[in-house]
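Visitor: Could you take me on a close look at a single part of this structure, and then show me what lies around it? I would enjoy one connected answer.

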Amino acid sequence: LNKHLTFVGSRPDIKEIMSISDIVFSLSKKPEPFGRTSLEALSLGRPVVAYDHGGGREVLTELFPQGLTAANNIELAINKTREVIQHSEKIKENHKFTLENMLQKTLNLYQTAIQI
């Protein structure tokens with residue numbers, strides 16, 4: 001890795017930081033409900049290593065399954081990072097996690113609730 005950056009707290013320039021990163025990590029011990037960090041990084045064409053739980057699992061299973069690693073095991077995450085860097089595979093195009101899909105699913109849910 002050419003640059004070593006450390007950030008603490010809220011940042012308004014996350015998109016810029018992710019876009020210059022060689023790899024993005026989503027290694028929270030507590031599963032994210034959606035996996036937004038992973039999705040944002042993958043949408044920028046950046047590979048992600050994420051614990052295999054929560055929203056990270058859902059997003060990576062669809063778009064970059066080779067970045068999944070066992071939850072809460074940092075040694076496996078380190079090994080996975082090496083694999084991802086050595087074998088840079090293409091990130092699948094996102095057709096599932098789109099605004100249009102989210103809106104349609106929300107509308108479908110509301111329509112179902114109205115009919116009950």
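Guide: Gln66 sits in the loop that runs between H3 and S3. Please keep in mind that this is a predicted model. Once neighbours within four places in sequence are set aside, the contacts of Gln66 are Lys80, Val84, Glu89 and Lys90. As for Ser28, its C-alpha atom is 18 Å from that of Gln66, and the two residues are 38 apart along the chain.

Ser28 leads us to an enclosed space, as Ser28 is one of the residues that line the largest cavity. The others in that lining are Ser26, Lys30, Pro31, Glu32, Tyr51, His53 and Gly56. Sorted by class, the lining comprises four polar, two nonpolar and two charged residues. The volume of this cavity is about 50 Å³, and a search of the whole structure turns up one cavity of 30 Å³ or more.

Now for the elements on either side of our loop, beginning with the sheet. S3 belongs to an open sheet of three strands, ordered S1-S2-S3 and paired in parallel. Strand S1 (24-26) and strand S3 (68-69) are at the edges with a single partner strand each, so each has one side without a neighbour in the sheet. Between S1 and S2 the parallel pairing extends over three bridges, and Phe25 has Val49 in S2 as its bridge partner.

On the other side of the loop is H3, which takes us to the largest nonpolar core, a set of 17 residues. Leu42, Val48, Val59, Leu60, Leu63 and Phe64 have the most contacts inside this core. At least two core residues come from each of helix H2 (36-43), strand S2 (48-51) and helix H3 (54-63). Leu42 is a good place to pause: beyond its neighbours within four places in sequence, Leu42 is in contact with Pro47, Val48, Val59, Leu60, Leu63, Phe64 and Ile91.

Let us finish at an open space, the second largest pocket, which holds about 230 Å³. Its lining consists of Phe34, Leu39, Glu58, Lys96, Phe97, Thr98, Leu99, Asn101, Met102 and Lys105. Helix H5 (residues 99-115) gives the most to this lining, namely four residues. By class, five of the lining residues are nonpolar, three are charged and two are polar.

Notes: Residues numbered from 1 in each chain as written. Predicted model: local features only at pLDDT ≥ 70, side-chain atom pairs only at ≥ 80, totals over all residues. Heavy atoms only, no water. 1 Å grid on protein atoms, 1.4 Å probe; cavity = no way out; pocket = protein on both sides within 12 Å on 5 of 7 lines; lining within 4 Å. Points joined across faces, edges and corners; volume = space filled by probe spheres on them. Nonpolar A, V, L, I, M, F, W, Y, C, P; charged D, E, K, R; others polar. Core = buried A, V, L, I, M, F, W, Y, C linked by side-chain atoms within 4.5 Å. Buried < 20%, exposed > 50% of the residue type's maximum accessible area, 1.4 Å probe, protein only. Contact = heavy atoms within 4.5 Å. Pairing = 2+ DSSP bridges.
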